[in-house]
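Visitor: I would like to work through this structure one residue at a time. Please explain each term when it comes up.

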Amino acid sequence: MARVSARKRALAKLAGGAVIALIPLAAAQAGPLASIDRNGSRVAIEPYAPNIVRVTIALDRDLAEAAPGPGPNATPDASGWSHRADASGDVFASSALSLTVDAQPWPKAPSQMERYFAPSLPPVSISVNGADGHRITQMTGWEMAPHTVAGEKTFKVGASFAAPLDEHYYGLGQNQDGKLDLRGRTIDCRHNYDAPAGETVCVPFMVTNKGYGIVWDNPSATTVSPGLHNSTHWQSEVGERVSFFVITGATTDELYAGYARLTGRTPLPPKAAFGLIQSKARYESQAELLAVAEGYRSRGYPLDVMVLDWFYWTRMGQLDIDRTFFPDPKGMNAQLKGLGLRSIISVWPRFEKESRYFNMLAAKGWLLHDSDGSVVDGLPIRSDRAGALLDSTNPDARGWFWDRIRDNIASQGFDWFWLDETEPDLVPDGHQFAIGSGDRYRNLFPLVHTASVADGSAKDRPDFRNLILCRAAYLGTQRNGCLFWSSDVQATWEALRRQVPTGLNFTASGMAYWSSDTGGWQYPNGPKAEHPVLLDPAGATTMAPSYADYPELFVRWFEYNTFTPTLRIHGQRPRTAVWEYGKAAEPVLAHYLKLRYALVPYLYAMAHHTHESGAPFMRALFMDFPNDPKVNDMGDEYMFGPAFLVAPVTEQGATSRPVYLPAGADWYDYWTNKRHTGGQTITAAAPIDTIPLFVRAGSIVPMGAHVPSTATRQPLESIRVYPGRSTSFTLYDDDGVSNAYRKGGGTATLRWDDAARRLTASGKLPSGQDPGMLVKVIGR
């Protein structure tokens with residue numbers, strides 16, 4: 001009996017359960033479609049949909065047939081799948097694909113050289129073909145190499161895949177090294193706040209231009225080398241099996257629909273998330289925060305959310321609000337709501353020894369600890385040595401954390417929560433979580449920690465839409481209602497340049513809501529400008545006096561973030577509001593802020609589409625132009641929804657930039673309405689008040705009227721039609737704050753007949769307006 005219990009515990013740990021259940025184990029409801037022996041290697045095949053199949057390989061049958069690890073939450077579904085064996089091997093087929101576990105001959109006796117150099121594992125190769133028989137991908141081999149990690153005897157596990165020369169790769173979370181295509185690179189897939197180019201975040205989901213994506217089912221530190229030396233190699237630091245999912249699709253959007261089916265849908269954020277989110281590190285008093293909010297209103301600038309960042313508490317881990325500087329937080333939030341504003345407050349998972357909860361959490365074992373049970377306190381680096389980490393792999397600790405947030409903080413009128421340090425910042429390597437070792441579950445924390453607020457909010461505020469600011473992600477974190485950002489990046493032109501491809505790979509990882517701190521988070525103290533400064537810095541109070549081009553940088557960053565899923569100003573600056581970057585910068589910033597609000601009807605419709613489809617709306621060009629090879633590694637421009645092509649200016653002093661207009665469409669310059677043929681590179685004018693922006697011919701763009709915030713009902717100002725093909729666009733609107741959207745909201749599909757030059761609507765607009773009175777045909 002002891003041996004059986006030990007095996008069950010091992011399988012529970014492998015599947016993400018351990019003694020304390022982490023998440024429901026979907027595969028416990030059904031086993032694999034088949035488990036096959038390949039000369040001692042066990043291969044389990046487990047379909048989840050016609051285009052989603054899981055492959056698990058191990059030496060032990062029970063390990064091969066165990067459930068997936070944490071992240072995927074779907075139930076296996078073999079409906080419509082068949083299994084047959086023939087000379088080629090075991091063939092599994094659906095309406096979307098066929099997967100063959102290739103036949104393997106009985107191994108011969110090894111040669112003299114093979115005794116030293118041949119792998120000891122029985123070989124396994126797996127081919128995936130489309131329904132029409134074309135090759136999609138092939139797993140060419142697998143590996144297990146024994147080693148010891150933090151005292152645990154385990155294995156490095158990995159698999160290799162064929163990599164045709166014309167295959168390109170995207171996703172894998174956040175890597176700020178300034179490139180889009182992952183081909184030929186080695187990605188260190190682990191959360192690392194201290195990565196040299198900026199924080200890395202591991203989401204082990206990679207899509208290709210060949211009609212498939214791989215979801216790698218292992219939360220330990222993983223290295224991925226896509227297309228390096230004509231092979232794609234995955235290797236994880238801790239494991240006893242290889243487990244991965246293949247998702248296929250004729251379009252990238254079909255891949256994202258598969259990812260959403262496998263790991264959870266992206267909720268629709270509150271409408272306020274699409275307005276301006278104003279933050280600073282940090283507002284030191286209630287009076288300062290309210291003065292900034294009132295400053296927006298007195299100037300007539302739209303604003304939706306005020307953010308209270310860290311050190312509003314009396315001690316790290318008190319989970320309180322210092323009444324010396326914030327004497328009436330409930331009254332403060334009431335004043336904000338009177339201005340049509342919402343609030344977000346930062347809550348950290350760290351607890352000082354002197355804080356009121358530390359001893360209780362330590363006694364219960366709810367903090368990250370060493371193998372002897374001693375609590376891990378602080379980091380040995382960055383002079384960041386105070387506080388222990390809440391063990392959010394423990395569901396009781398998660399429930400307790402939400403209860404304290406609810407009672408101590410939400411009770412004071414705060415709307416939403418910023419869960420900082422979700423990597424976590426206290427690196428778990430060599431330490432222990434409740435679920436298992438920090439090495440085995442190296443990348444898991446963002447999923448379970450954000451679940452504390454997502455689940456708690458759903459329980460205690462079921463009719464109020466959840467939102468969380470999140471600094472890291474893992475498979476499935478999108479289902480917790482996270483808005484992600486690129487962490488504490490530098491306030492430099494180089495950092496801005498890196499943001500564009502960084503964000504595109506992050507959204508390509510199935511995480512639709514990503515942006516960056518406008519202007520960078522670190523204190524602005526950059527090098528002397530290399531080119532003439534385009535904005536007079538007179539009146540700017542946000543940077544070191546020597547950083548004369550910082551207002552120019554901030555304006556360019558703001559122009560860029562106007563066209564990212566969320567727009568947030570944040571940073572370690574004495575002042576951050578839009579009127580504090582100088583008299584020359586303010587009117588430019590005000591113009592783009594008002595443009596952002598005019599685009600809210602377009603953005604909100606795109607967000608609803610993301611909720612329904614799983615597809616991101618900030619899109620690298622490979623997603624929408626798969627037949628144009630010139631866009632495969634184009635990471636400095638992108639699509640923003642189906643209409644806009646955005647080409648940010650990221651060079652100091654630049655007043656123009658080359659823009660490639662993808663083939664297969666004509667394009668309108670948004671600012672001049674001039675029409676260009678696709679498939680060419682043009683030089684776009686980019687004076688300081690202009691971001692190169694183009695609209696795809698055959699687009700419908702609803703534009704909203706001016707409002708002070710999304711709390712005010714926003715009628716449409718116009719419906720712009722850019723002729724060139726017949727098209728449609730579905731408007732969506734609702735109350736912006738409740739969860740009623742899950743049962744449906746106000747929709748109307750607009751249809752443009754290009755031959756007849758006529759716009760029609762499927763029904764009444766959500767705003768109640770007559771669409772015929774709003775149409776503006778560009779170029780007429």
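Visitor: Is Asn39 buried, partly exposed or exposed?
Guide: The classes rest on relative accessible area: buried means under 20%, exposed over 50% and partly exposed in between (1.4 Å probe, protein chains only). The relative accessibility of Asn39 is 24%. Because of that value, Asn39 counts as partly exposed.

Visitor: Where is Asn39 placed?
Guide: This is a predicted model, in which local features need pLDDT of at least 70 and side-chain atom pairs count only at pLDDT 80 or more, while totals for chains, interfaces and linings use all residues. Residues are numbered from 1 along each chain as its sequence is written, and side-chain values use heavy atoms, with hydrogens and water left out. Helices (H or I, at least four residues) and strands (E, at least two) are DSSP runs, numbered from the N terminus. Asn39 sits in the loop between β1 (34-38) and β2 (41-49).

Visitor: What is the phi of Asn39?
Guide: Asn39 is not a glycine. Its phi is nevertheless positive, at about 55 degrees.

Visitor: What is the phi of Asn230?
Guide: Asn230 lies in the loop between β14 (222-228) and β15 (231-239). With a relative accessible area of 44%, Asn230 is partly exposed. Asn230 is not a glycine, yet it has a positive phi of about 60 degrees.

Visitor: Which residue forms a cis peptide bond with Ala281?
Guide: The omega of this bond is about 10 degrees. The partner is found in the loop between β17 (276-278) and α5 (286-299). That partner is Arg282.

Visitor: Which residue meets Lys280 in a salt bridge?
Guide: A salt bridge is a side-chain nitrogen of Lys or Arg within 4 Å of a carboxyl oxygen of Asp or Glu. Lys280 has a relative accessible area of 6%, so it is buried, and its partner is partly exposed at 25% relative accessibility. The closest N and O atoms are 2.5 Å apart, and the partner is Glu288.

Visitor: How many residues apart in sequence are the parts tied together by Asp488 and Arg471?
Guide: The side chains of Asp488 and Arg471 form a salt bridge of 3.6 Å, N to O. Asp488 is in the loop between β24 (482-485) and α10 (493-507), and Arg471 is in the loop between β23 (468-470) and β24, so the pair ties together parts that are apart in sequence by 17 residues.

Visitor: How many salt bridges does the structure hold?
Guide: One of them joins Arg675 and Asp666, with the closest N and O atoms 3.2 Å apart. Salt bridges that share partners also join Asp403, Arg404, Arg406, Asp407, Lys459 and Asp460 into one network. For the structure, the count is 43.

Visitor: Which residue shares a polar contact of 2.9 Å with Ser516?
Guide: A polar contact is a pair of N or O atoms within 3.5 Å; within protein, one must be able to donate a hydrogen and the other to accept it, and residues adjacent in sequence count only if both atoms are side-chain atoms. Ser516 lies in the loop between β25 (514-515) and α11 (550-561), and at 1% relative accessibility it counts as buried. The side chain of Ser516 is joined by this contact to the side chain of Trp557.

Visitor: How far apart in space are Gly503 and Gln174, C-alpha to C-alpha?
Guide: Gly503 is in helix α10 and counts as buried, at 0% relative accessibility. In sequence, Gly503 and Gln174 are 329 residues apart. In space, C-alpha to C-alpha, they are apart by 7.3 Å.

Visitor: Which helix gives the most residues to the largest nonpolar core?
Guide: A nonpolar core is a set of buried Ala, Val, Leu, Ile, Met, Phe, Trp, Tyr and Cys residues joined through side-chain atoms within 4.5 Å. The largest one has 180 residues, and those with the most contacts inside it are Tyr296, Val347, Phe351 and Phe644. The helix that gives the most to this core supplies 9 residues (585-598) and is α12.

Visitor: How many residues are in the second core?
Guide: In soluble globular proteins, nonpolar side chains tend to be buried together. The second core is separate and includes Val43, Ile45, Leu172 and Val242. Its number of residues is 37.
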